[in-house]
Amino acid sequence: MISTGHFLGLELIYSFRFEELKTSLEKINAELKQSKTRNPVYVELMVHPGLIQQASSQVQDEFHTCSNRQVEFEMLASNQMKELLKQFRLVSWHQLSYPKPFEEKRLLLHSLMKRGTGNYTSCLRLRDILVEMGYKVYLRNIQEHSSQIKINEVGDIEEFCRQFVINLAIGINIYRSGIQLKDSFYHKERICYQTPYYLIIAGTDANIYLKMADLREPMLEAMRLSQGLIALNESLAQEVRQEIGENSSTSIELIPQSDNEYQPNAT
Amino acid sequence: MRRELSIGPRPYIIFPASIRKVKDVGFALLQLNRIIERYDLDVYVLGPIIEQNYADVLLPQLDRVRYVGTVSHNRLLALLKNSVCLINTSISEGMSNAILEAQINRVLPVVRANDGNRHLVQHQQTGLLFDTAEQF
């Protein structure tokens, strides 16, 4: 059964008090920000708008003749209410991202997969490991030919995850993948199917792109909205730590890959 | 495979790098051409073109260093195993698969001393590091 974290509005039917509703919503918002969680909190707002029934109307019960329903109707349609709702996203029940009734772990691996590149090799290796761990892995290539394709891709990723009921996404490269995943699952101007995602720090993202003024903010936001970051060595982790700040709630998992015991045949 | 990729019979150095600025393939070009001449070997650059503008400038300058293009990972490994050494001149690296593969296959990595490469290579112990083209 699906339920929301909060429920408001039951008592507003006989006396719609805008300030009370505003205070309650803002309190929930403040608690959410303080908790630093990346998961959304859903609030069900019960409303009862209506027009006052004429005396000739067939239904004459207390609810249908309650004059406050018209007050509530006008208040819900007011500019004041529209302003308040700008702080929130309106979603319908079927858009809530709750655990799905699938036992299978479905994972999206999002990377630039141009043959012959390191990202491509890393992506295929990671896929093999994840498949061995029991995940059903879907690979998705990053499109980056033009901004229009990027915009379409963002919509496609979200639609893909919704359709295939993806539980988790992993993006390789904060710049190339991270920004697209962020825009796919946490778009500012539309309601999204929110798939949690992790990002693997690739190299150029931390060493070069994160230092570029126009890319820095979207990359930071992509990191903040992620479930966590994965660094393959300490210097990459350090580069990112410096940028996001020591107090950030974004965790960085360090998974070193090098083999310091290696000795070549000849030096 | 060697015939298909026009890999000659001489000993060779492998230089896996996609063609883009950050890989800085032209970094030690002068030195590489000298090595080719002096030691009678070949240098092969393997990787896709990512930045066409950069490729348009770089590829005509390669001189005796030969750009092979994109090869499959299996082919790259086969070529790597028989190479004299592996070169990496990247300005920055995260965790280079090519260097890891060279080490696993006991091929000497000769790599530019960026942060990522320093994590993989200890100079004169697990490979060779260089900072400047002259050191190379």
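Trainee: Which residue with a positive phi follows α4(B)?
Mentor: This is a predicted model, in which local features need pLDDT of at least 70 and side-chain atom pairs count only at pLDDT 80 or more, while totals for chains, interfaces and linings use all residues. Residues are numbered from 1 along each chain as its sequence is written, and chains are lettered from A and ligands numbered from 1 in the order in which they are written. Helices are DSSP runs (H or I, at least four residues; strands are E, at least two), numbered from the N terminus. With a phi near 55 degrees, the residue that follows α4(B) is Arg106(B).

Trainee: Within what arc do the buried residues of α4(B) fall?
Mentor: A residue is buried if 20 or more other C-beta atoms, placed from the backbone, lie within 10 Å of its own (exposed if 12 or fewer, partly exposed in between). In α4(B), residues 97–104, Ala98(B), Ile99(B), Ala102(B) and Gln103(B) are buried. Taking directions from the helix axis to the C-beta atoms, these residues line one face of the helix, because they fall within an arc of 135 degrees.

Trainee: Which helix gives the most residues to the largest nonpolar core?
Mentor: A nonpolar core is a set of buried Ala, Val, Leu, Ile, Met, Phe, Trp, Tyr and Cys residues joined through C-beta atoms within 7 Å. The largest has 37 residues, of which Leu199(A), Ile201(A) and Met219(A) touch the most other members. With 5 residues, the helix that gives the most is α6 (residues 174–185) of chain A.

Trainee: What is the handedness of the crossing of α6(A) and α8(A)?
Mentor: The axes, fitted to C-alpha atoms over the stretch in contact, with angles from 0 to 180 degrees between N-to-C directions, come within 9 Å and cross at roughly 65 degrees for α6(A) and α8(A), residues 213–225. A crossing counts as left-handed if the near helix is turned anticlockwise from the far one by less than a right angle, and right-handed if clockwise. By that convention, the crossing of α6(A) and α8(A) is left-handed.

Trainee: Which element gives the most to the side of chain A that touches chain B?
Mentor: Counting two residues as in contact if their C-beta atoms, placed from the backbone, lie within 7 Å, the contact takes 26 residues from chain A and 25 residues from chain B. On the chain A side, the elements that give two or more residues are α4 (118–132), α7 (204–207) and α9 (234–244) of chain A. With 3 residues, the element that gives the most is α4(A).
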